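Student: I would like to go through the labels used for this model one by one. Please set each value against its cut-off.

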Amino acid sequence: MNAPAGRPGGAEVVLVTGISGSGKSVALHALEDAGYFCVDNLPPELLRDFIRLEQERFTSRVAVAVDVRTAVSLPQLMPLVAKLREEGQHIRVLFLDASTDALVRRFSESRRPHPLSAVEGELSRALIEALEMERELLSGMREIATVVDTSQLRPAQLRTWVRDLVGVPPSSLTLVFESFAFKNGVPLDADCMFDVRVLPNPFYIRELRPKTGRDEEVAQYLEAQPEVAVMMGQIESFVRHWLPALRADQRAYLTVCIGCTGGQHRSVYIAETLGLRFRSEVTTLVRHRELDAQAH
């Protein structure tokens, strides 16, 4: 049932922001495909009027991309989001980020200038300098957002992750378990990170090497290792202990990243198992950075 015109909270709003080159256009297209009415580069001072207009049209889901192209208005955005939430408007903020190396590579491949590269009275600002300035300008938004690290993500993988994030029903907290490979870097979106490389590695068993932590043979091998049970129990205890405090802090998401050498066996198994253990208590997502990339 649609909300009456002008009623706060009548439309679900996703605010997409982040660093230039991190994939905001891909995320916005994913939201459009998921049924959101999308607007790119909306000036922040128009956000309230835009939401009200869409509520009057009975639009149930809208997505807005805001970035440094509207740098002059950015200081208004954080207090506006806070005010709208106080009024009962449901707003999810997604912040896309990536490592500087990944961003430099993408700008080099696209040959597009960074939005902050032009400097009045000068020819241009160096790309890395522009990225650092952008991170500073958007640092406040990053603090109130769900961060997605796109450094290692292919476009199809990012589209899937965005759909998963906005697909869960609104709740006090969504718990995300993410496996990754240390050889490809630690995810920038990690709220907590656990290193499980100390555990026995199925990679060194010939018949298990091509399999993953999702396969029964790998699960049986790891379940038989006492230290795996100890590590699993300690991670579970840590997360379970702090969940009430995180809920009280009104956190929307908690991303627990679990890393091993290749992101194929140990971290995948532990992320899957922990996801099952918490699923009945809290909205839970499980994702695998390396395996998901291979799937796409």
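Student: What is the hand of the crossing of α9 and α10?

Tutor: The crossing of α9 and α10 is right-handed. By definition, a crossing is right-handed if the near helix is turned clockwise from the far one by less than a right angle, and left-handed if anticlockwise. The helices themselves are DSSP runs (H or I, at least four residues), strands likewise (E, at least two), numbered from the N terminus. A caution on the source: this is a predicted model, where local features need pLDDT of at least 70 and side-chain atom pairs count only at pLDDT 80 or more, while totals for chains, interfaces and linings use all residues. Residues are numbered from 1 along each chain as its sequence is written, and side-chain values use heavy atoms, with hydrogens and water left out.

Student: What makes α9 oblique to α10?

Tutor: The axes of α9 (residues 226–248) and α10 (residues 266–278) cross at roughly 45° and come within 11 Å. Axes are lines fitted to C-alpha atoms, for helices over the stretch in contact, and angles run from 0 to 180 degrees between N-to-C directions. Angles under 35 degrees count as roughly parallel, over 145 as roughly antiparallel, 65 to 115 as roughly perpendicular and the rest as oblique. The α9 and α10 pair is therefore oblique.

Student: Which residues make that contact between α9 and α10?

Tutor: From α9 come Val228, Met232, Ile235, Glu236, Val239, Arg240 and Leu243. From α10 come Tyr269, Ile270, Thr273, Leu274, Arg277 and Phe278. Contact means heavy atoms within 4.5 Å. By class, the contact of α9 with α10 has nine nonpolar, one polar and three charged residues. Ala, Val, Leu, Ile, Met, Phe, Trp, Tyr, Cys and Pro count as nonpolar, Asp, Glu, Lys and Arg as charged, and the others, Gly among them, as polar.

Student: Why are α4 and α5 called oblique?

Tutor: Helices α4 and α5 pack at an angle of about 125°, with axes 11 Å apart. That angle lies outside the parallel, perpendicular and antiparallel ranges, so α4 and α5 are oblique to each other. Their crossing is right-handed. Thr100, Leu103, Val104 and Phe107 of α4 meet Leu127, Ile128, Leu131 and Arg135 of α5. The residues in this contact of α4 with α5 divide into six nonpolar, one polar and one charged.

Student: How do you know that α1 and α7 are oblique?

Tutor: Helix α1 (residues 24–33) and helix α7 (residues 155–167) pack at about 55°, with their axes 9 Å apart. Therefore α1 and α7 are oblique to each other. The contact uses Val26, Ala27, Ala30 and Leu31 of α1, and residues of α7 including Pro155, Leu158 and Val162. In this contact of α1 with α7, eight residues are nonpolar, none polar and two charged.

Student: Why is Val81 called buried?

Tutor: Val81 has a relative accessible area of 1%, so Val81 is buried. Buried means under 20% relative accessible area, exposed over 50%, partly exposed in between (1.4 Å probe, protein chains only). Val81 is found in α3. Beyond four places in sequence, Val81 touches Leu15, Val93 and Ile144. Val81 and Leu15 are 66 residues apart along the chain, yet their C-alpha atoms are separated by 9.4 Å.

Student: Why do Asn41 and Arg111 get their exposure labels?

Tutor: Asn41 has 26% relative accessibility and therefore counts as partly exposed. Arg111 has 77%, so Arg111 is exposed. Asn41 sits in the loop between β2 (37–40) and α2, and Arg111 in the loop between α4 and α5. Phi of Asn41 is near 60°, a positive value in a residue other than glycine. Phi of Arg111 is also near 60° and positive. Most residues other than glycine have a negative phi.

Student: What makes a set of residues a nonpolar core?

Tutor: The members are buried Ala, Val, Leu, Ile, Met, Phe, Trp, Tyr and Cys residues joined through side-chain atoms within 4.5 Å. The largest such core has 31 residues, and those with the most contacts inside it are Leu15, Leu47, Val64, Leu77, Val93 and Phe95. Its largest share, four residues, comes from α3. A second, separate core of 28 residues includes Cys192, Leu208, Ala219 and Tyr269.
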